[in-house]
Amino acid sequence: MADDIARTRASVRLGLPLAIAAAFAFGSSGAWARGLIDAGWTPGAAVTVRVWVAALVLLIPTLLALRGRWRSLRRNAGMIAAYGLLAVAATQLCYFQAVAVMDVGIALLIEYTAPVAVLLWLWLRRGERPTRRSILGAGIAFVGLVLMLDIVTGVQVNVVGVLWALGAMLGAAGYFVLSARADTGIPPIALAGSGLLLGAVGLSLAGLVGVLPFAWTTADVDYRFGAVPWFVPVLAIGVIATALAYVLGIVSTRLLGPRLASFVALAEVAAALLFGWLLLDQLPGPLQALGGVLVLAGVVVVKLGEPRSRRDIPSTSG
C-alpha cells in the first residue's frame with residue numbers, strides 16, 4: 001500500500017506539470033488561428049492544416065517508437081481509429097461547426113463540460129463513484145468557466161449549434177479516456193502520431209465532400225506584435241499547439257488518470273485568455289479573472305476528492 005501511495009505521488013509530481021504544459025500548448029491554438037481566420041482562412045482549412053502539420057511532424061518519431069511493436073498497433077486498431085476519428089477529427093469538426101452557428105463562448109462552455117462526462121463514464125462503466133469533493137470541484141470549475149467565458153449577459157441559443165457542441169464535448173471526453181489507456185503497449189508518441197494522421201485524413205475527406213468549407217490565403221497575418229508570414233502561425237499551431245500538446249497530453253493523462261487530467265486540462269481556457277491578450281490584445285474582464293481563480297480552485301478540490309483505490313493509481317508503462 002505504501003508503495004502504491006508513493007507511486008501515485010510520484011506520478012502526480014511528474015504528470016501535473018506535463019498536463020499544465022499540454023493545456024497551455026493547446027490553449028495557444030485559438031489566438032494563432034484567429035489571426036489566420038481574420039486574414040481570410042476558413043476554420044476548416046485552419047484546423048485541417050493544423051492536424052496535417054502535427055501528423056507529419058510526428059510521423060518519423062511514431063515509426064521509430066513502433067519498431068518491434070507493430071503487433072500492438074494491429075491489436076489496438078479499433079482504439080486508434082476511435083482516437084483519430086473521435087478524439088481528433090470529430091472533436092475539431094463538431095466544434096467548428098458549432099462556432100459557425102452560435103456564440104463561441106457557449107460552444108466552448110459546452111465542450112469543456114467534458115470532465116463531467118468523464119466522471120459519469122468512469123462511474124457507469126467502471127463503477128468508480130465520484131466523491132462529494134469531486135462533485136463539488138466539478139461545480140466550482142463549471143461556475144468558473146461560466147464567468148471566464150463571459151456568457152452571463154444572456155445570448156440566443158442555437159439548437160443545432162448546441163448539438164454540434166455536445167458532439168465536441170463527447171469527442172473531448174473520449175480523448176481523455178482513450179489517452180489514459182496504458183495497457184495497450186503503444187508508446188504515447190505513437191498513439192498521438194497515428195491518431196493525428198488518421199484524424200488529418202478524416203478532416204480532409206470531410207473537406208472533399210463539402211462538409212468542411214476550405215479557403216486559405218498566403219497573405220501576412222497580423223498580431224499584436226506585428227505582421228508575420230502565414231506559415232508562422234501554421235507551424236505554431238501544428239508543431240506546438242497540436243503535435244507537442246497531444247504528446248504531453250497523452251503522457252500526463254497516463255500518469256494522472258482520465259478524471260484528474262480532464263480537470264487540469266481546464267487550464268486551457270485560462271491559457272487561451274492569456275494568449276488572446278499576448279497575441280490579440282484581448283484583455284479579460286474582472287469576472288473572467290474571477291472565473292480563472294474558480295477553475296484552479298475546482299481542480300484542487302477535485303484532486304482532494306480523488307479516491308485512493310488501486311484502479312485510480314496511474315500506470316507509468318508504455
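The secondary structure of this predicted model comes to 15 helices and 2 strands. The protein chain has 318 residues, and 51% of them count as buried. Its accessible surface is about 14,800 Å². Carbon and sulfur atoms hold 68% of that surface. Contacts reach far along the sequence: among those with a separation of 6 or more, 90% join residues 24 or more positions apart.

Confidence comes next. The mean pLDDT of the chain is 78. A value of 70 or more is reached by 83% of the residues. Residues 309-318 are another matter: pLDDT stays under 50 there. For this stretch the model has 28 contacts beyond four places in sequence.

Start the walk at helix H2, residues 29-39. Its buried residues are Ser29, Ala31, Trp32, Ala33, Gly35 and Leu36. Ser29 lies in this helix. Its relative accessibility is 12%, under the 20% cut-off, so Ser29 counts as buried. A polar atom of the Ser29 side chain sits 2.8 Å from the backbone oxygen of Phe26. Beyond its neighbours within four places in sequence, Ser29 is in contact with Arg50, Ile237 and Ala241. Just after H2, Gly40 takes a positive phi of about 125°.

Which residues does Thr42 contact beyond four places in sequence? They are Pro213, Phe214 and Ala215. Thr42 itself belongs to the loop between H2 and H3. Its relative accessible area is 17%, so Thr42 is buried. The C-alpha atoms of Thr42 and Ala215 are 5.4 Å apart, although 173 residues separate the two along the chain.

Helix H3 follows, with 15 residues, 43-57. Its length can be checked by simple reasoning. At 1.5 Å a residue, H3 should span 21 Å. Its end C-alpha atoms are 21 Å apart, so the model agrees with the expected span. The expected value counts one less than the number of residues, because the span runs from the first C-alpha to the last. The buried residues in H3 include Gly44, Ala45, Ala46, Val47 and Thr48. Arg50, Val51, Val53, Ala54 and Ala55 are buried in H3 too. Arg50 is also one of the contacts of Ser29.

Next is helix H4, residues 59-65, which holds Thr62. At a relative accessible area of 5%, Thr62 is buried. What does Thr62 touch, leaving out residues up to four places away? Its partners are Ile189, Ala190, Gly193 and Ser194.

Now turn to the aromatic rings. The chain has 6 aromatic pairs. In one of them, the ring centres of Trp32 and Tyr223 are 5.1 Å apart and the planes meet at 75°. Planes over 60 degrees apart count as edge-to-face, so this pair is edge-to-face. Trp32 lies in H2 and Tyr223 in strand E1, residues 221-223. The two are 191 residues apart in sequence, so the pair ties together separate parts of the chain. Are these residues buried or exposed? Trp32 has 15% relative accessibility and counts as buried. Tyr223 has 8% and counts as buried.

Tyr83 and Tyr246 form an edge-to-face pair as well. Their centres are 6.4 Å apart, with 75° between the planes. This pair links distant parts of the chain. Tyr83 sits in helix H6, residues 77-101, and Tyr246 in helix H12, residues 231-256. The separation in sequence is 163 residues. Both Tyr83 and Tyr246 are buried. Ring pairs also bring in Phe26, which forms a cluster with Tyr83 and Tyr246. Phe26 is thus a point where two threads meet: its ring belongs to this cluster, and its backbone oxygen lies 2.8 Å from a polar side-chain atom of Ser29.

The last stop is helix H14, residues 267-280. H14 has 14 residues and reaches 19 Å from its first C-alpha to its last. That is close to the 20 Å expected at 1.5 Å a residue. The buried residues of H14 are Ala267, Glu268, Val269, Ala271, Gly276 and Leu279. Asp281 follows H14 with a positive phi, near 60°.

Conventions
Residues are numbered from 1 along each chain as its sequence is written. This is a predicted model: local features need pLDDT of at least 70, side-chain atom pairs count only at pLDDT 80 or more; totals for chains, interfaces and linings use all residues. Side-chain values use heavy atoms; hydrogens and water are left out. Helices (H or I, at least four residues) and strands (E, at least two) are DSSP runs, numbered from the N terminus. Buried means under 20% relative accessible area, exposed over 50%, partly exposed in between (1.4 Å probe, protein chains only). Contact means heavy atoms within 4.5 Å. Accessible areas come from the Shrake-Rupley method with a 1.4 Å probe; for residues, only the protein chains shown count as cover. Rings of Phe, Tyr and Trp (its six-membered ring) pair if their centres lie within 6.5 Å; planes under 30 degrees apart count as stacked, over 60 as edge-to-face and the rest as tilted. pLDDT is the predictor's confidence in each residue, from 0 to 100. A polar contact is a pair of N or O atoms within 3.5 Å; within protein, one must be able to donate a hydrogen and the other to accept it, and residues adjacent in sequence count only if both atoms are side-chain atoms.
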